[in-house]
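Dear colleague,

I am handing over the structure below, together with notes on what turned up when I went through it. Please read the notes with the structure open beside them.

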Amino acid sequence: MIHNGNSVAHLCQRMLKIRRSEDTGLAIFALSGRIEGQHVSELQELLAGEEEVAKIALDLEEVRLVDREVVRFLGACEARGISLRNCPSYVREWIETGRE
């Protein structure tokens with residue numbers, strides 16, 4: 001279930017939590033928990049709802065586990081201009097490896 005505004009969105013309630021906030025016109029989506037390939041379509045829908053892609057950031061500080069499909073998705077987000085904040089080093093390494 002996804003709520004508008006500053007509400008908390010839950011995708012697979014125990015697995016992934018998403019909090020949306022804004023900072024000077026920048027939409028920040030703080031992701032926490034475990035992100036799996038099954039979440040990618042929901043995340044794509046959520047991001048598609050934002051008017052300007054260049055003004056979106058994904059905060060990954062509380063992300064604990066991702067799979068390959070999510071790494072590809074995050075790499076594609078970054079290539080589109082979406083900022084990845086607090087990206088865990090293992091995720092950053094996998095994104096970079098995927099680009100080579």
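Which residue is the bridge partner of Glu22 in β3? The bridge partner of Glu22 in that strand is Ala27, and the notes on strand pairing further down return to this part of the sheet.

First, the basis of the values. This is a predicted model, in which local features need pLDDT of at least 70 and side-chain atom pairs count only at pLDDT 80 or more, while totals for chains, interfaces and linings use all residues. Residues are numbered from 1 along each chain as its sequence is written, and side-chain values use heavy atoms, with hydrogens and water left out.

Overall layout

The protein chain contains three helices and five strands, where helices (H or I, at least four residues) and strands (E, at least two) are DSSP runs numbered from the N terminus. Read from the N terminus, the order of the elements is β-β-β-α-β-α-β-α. Of the 100 residues of the chain, 39% count as buried; here buried means under 20% relative accessible area, exposed means over 50%, and partly exposed lies in between, with a 1.4 Å probe and protein chains only. Among the contacts (heavy atoms within 4.5 Å) with a separation of 6 or more, 57% are made by residues 24 or more positions apart.

Strand pairing

Two strands are taken to pair if DSSP finds at least two bridges between them. Strands β2 and β3 run antiparallel and are joined by eight bridges, and they form a hairpin with two residues between them, in whose turn Thr24 has a positive phi of about 50°. On the other pairing of β3, eight bridges join this strand to β4, and the two run parallel; there, Arg34 has Leu65 of β4 as its bridge partner. Strand β3 (residues 26–35) has eight of its 10 residues buried, so it is largely enclosed by the rest of the structure.

Ser32 is one residue of β3, and it is buried, with a relative accessible area of 10%. Leaving aside neighbours within four places in sequence, Ser32 is in contact with Met15, Leu16, Lys17, Arg19, Glu62 and Val63.

Salt bridges

Two of those contacts of Ser32, Arg19 and Glu62, also meet each other through their side chains in a salt bridge (3.7 Å, N to O), the term being used for a side-chain nitrogen of Lys or Arg within 4 Å of a carboxyl oxygen of Asp or Glu. Arg19 lies in strand β2 (residues 16–23) and Glu62 in strand β4 (residues 56–66), so this pair ties together parts that are 43 residues apart in sequence. Arg19 is partly exposed at 33% relative accessibility, and Glu62 is partly exposed at 35%.

The search of the whole structure finds six salt bridges. Another of them joins the side chains of Glu78 and Arg92 (2.8 Å, N to O); because Glu78 lies in helix α2 (residues 68–79) and Arg92 in helix α3 (residues 89–99), the pair ties together parts that are 14 residues apart in sequence. Glu78 is partly exposed, with a relative accessible area of 22%, as is Arg92 with 25%. Salt bridges that share partners also join Arg20, Glu22 and Glu50 into one network. Within this network, the side chains of Arg20 and Glu22 meet at 2.9 Å, N to O, and Glu22 is exposed, with a relative accessible area of 54%.

Nonpolar core

A nonpolar core is understood as a set of buried Ala, Val, Leu, Ile, Met, Phe, Trp, Tyr and Cys residues joined through side-chain atoms within 4.5 Å. The largest one has 25 residues, and those with the most contacts inside it are Phe29, Leu31, Ile35, Leu47, Leu58, Leu60 and Leu74. At least two residues of this core come from each of β2, β3, α1 (40–48), β4, α2 and α3. Apart from neighbours within four places in sequence, Leu47 is in contact with Phe29, Ile56, Leu58, Phe73, Cys77 and Ile82.

A buried acidic residue

Asp59 of strand β4 deserves a separate look. Asp59 is buried yet has no salt bridge, and the nearest side chain of opposite charge (Lys and Arg count as positive, Asp and Glu as negative, with His and the chain ends not counted) is Arg85, 5.7 Å away. Neighbours within four places in sequence aside, Asp59 is in contact with Ile28, Phe29, Ala30, Leu31, Arg85 and Asn86.

With best regards
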